[in-house]
Amino acid sequence: MRIAALPLALFSLFSATALAQSLTVEDARVRAVPPGSPTTAAFMDLTNPGETDLALVGGASPLAGTLELHNHVMVEGVMQMRQVEEIPLPAGETVRLAPGGWHLMLFELARPPVEGESVALTLTLDNGETLSVEAPVRRVQPMEMQGDGQHMGQ
Ligand SMILES: [Cu+2]
């Protein structure tokens, strides 16, 4: 009976992973950083096509000692980065993790990620599901100016 326990445990692990595919991850990327940098950030688009609200509550990477969920908030006109408990993923919506907003912060890097490689990320949802993501390393501007962003001064 003990021998049968292992394949069963493996099977439930795979089931959990398959279930998590209900959350779609697109455009995952990790910011390339110069040598010696102790931290970097990861961005992606998370779509929850289901009918149940979800939340991202944590994550991990073999490249980082610690992974935190972060947001940017305006405090007295100054953009500040804050650690958050969770990133809400409302049913039927896409949440963009992007420079200047929600992002994953990787601390205590084993080594700085370089362009051309991919960083493995594990995301944990509030329902206990986990999701594996391979995020290519790219150069990411601190604040991506898109669309009308350039015309904000007008
Ligand atoms: Cu951050």
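**Group meeting talk: a copper site among strands**

Of the 154 residues in this protein, 34% count as buried. Before I go on, please keep in mind that this is a predicted model.

Okay, let's start with the overall layout. The protein has one helix and 10 strands. If you walk along from the N terminus, you meet the helix and then the strands, in the order α-β-β-β-β-β-β-β-β-β-β. Now take the contacts between residues at least 6 apart in sequence: 66% of them join residues at least 24 apart. As for the outside, the protein exposes about 9400 Å², and carbon and sulfur atoms supply 57% of that.

Right, on to the copper. Which protein residues act as donors to the copper ion? They are His 70 through ND1, Met 81 through SD, His 103 through NE2 and Met 105 through SD. These donors lie 2.1 to 2.3 Å from the copper ion. If you like patterns, the spacing of the donor residues in sequence is H-x10-M-x21-H-x1-M.

So why is the arrangement around the copper ion called tetrahedral? Because the four donor atoms subtend angles of 99 to 115 degrees, and four donors count as tetrahedral if all angles lie between 85 and 135 degrees. For reference, the ideal angle for four tetrahedral donors is 109.5 degrees.

Let's look at the two methionines. Met 81 lies in strand 5, residues 78-83, and Met 105 lies in strand 8, residues 103-109, so this pair ties together parts that are 24 residues apart in sequence. Are they buried or exposed? Met 105 has 10% relative accessibility, so it counts as buried. Met 81 comes out at 40%, so it counts as partly exposed.

Now for the strands around those donors. Strand 4, residues 64-75, pairs with strand 5 in the antiparallel sense, over six bridges. Two of the residue pairs are good ones to find on your screen. His 70, one of the copper donors, has Gln 83 in strand 5 as its bridge partner. Asn 71 is bridged to Arg 82, again in strand 5. Strands 4 and 5 form a hairpin with two residues between them. In that turn sits Glu 76, with a positive phi of about 50 degrees.

Strand 4 has another partner too: it pairs with strand 8, antiparallel, over six bridges. Here, Thr 66 stands opposite Phe 107 in strand 8.

While we're in strand 8, have a look at Glu 108. Its phi is near 55 degrees, a positive value in a residue other than glycine. With a relative accessible area of 56%, Glu 108 is exposed. Asp 27 also has a positive phi, about 55 degrees, although it is not a glycine. You'll find Asp 27 in strand 1, residues 24-31, and at 37% relative accessibility it counts as partly exposed.

Next stop, Thr 47. This residue is in strand 2, residues 40-47, and with a relative accessible area of 17% it is buried. What does Thr 47 touch, not counting residues up to four places away in sequence? The answer is Ser 22, Leu 23, Thr 24, Glu 26, Glu 93 and Thr 94. With Thr 94 there is also a polar contact: the two side chains are joined at 2.8 Å.

Last one, Ala 120. It lies in strand 9, residues 118-125, and it is partly exposed, with a relative accessible area of 28%. Leaving aside neighbours within four places in sequence, Ala 120 is in contact with Ala 60, Ser 61, Pro 62, Val 133 and Glu 134. And here's a distance to check for yourself: Ala 120 and Pro 136 are 16 residues apart in sequence, and their C-alpha atoms are 8.8 Å apart in space.

To wrap up, if you take one picture home, take the copper ion with its donors His 70, Met 81, His 103 and Met 105. Then add strand 4, pairing antiparallel with strand 5 and with strand 8. That's me done, thanks for listening!

How values were computed
Residues numbered from 1 in each chain as written. Predicted model: local features only at pLDDT ≥ 70, side-chain atom pairs only at ≥ 80, totals over all residues. Heavy atoms only, no water. Donors = N, O, S within 2.8 Å, 3.2 Å for Na, K, Ca; no water. Tetrahedral: all angles 85-135°; square planar, octahedral: opposite > 155°, others 65-115°. Helix = DSSP H or I, 4+ residues; strand = E, 2+ residues; numbered from the N terminus. Buried < 20%, exposed > 50% of the residue type's maximum accessible area, 1.4 Å probe, protein only. Contact = heavy atoms within 4.5 Å. Areas by Shrake-Rupley, 256 points an atom, 1.4 Å probe, with all protein chains shown as cover. Polar contact = N/O pair within 3.5 Å; in protein donor to acceptor, adjacent residues only side chain to side chain. Pairing = 2+ DSSP bridges.
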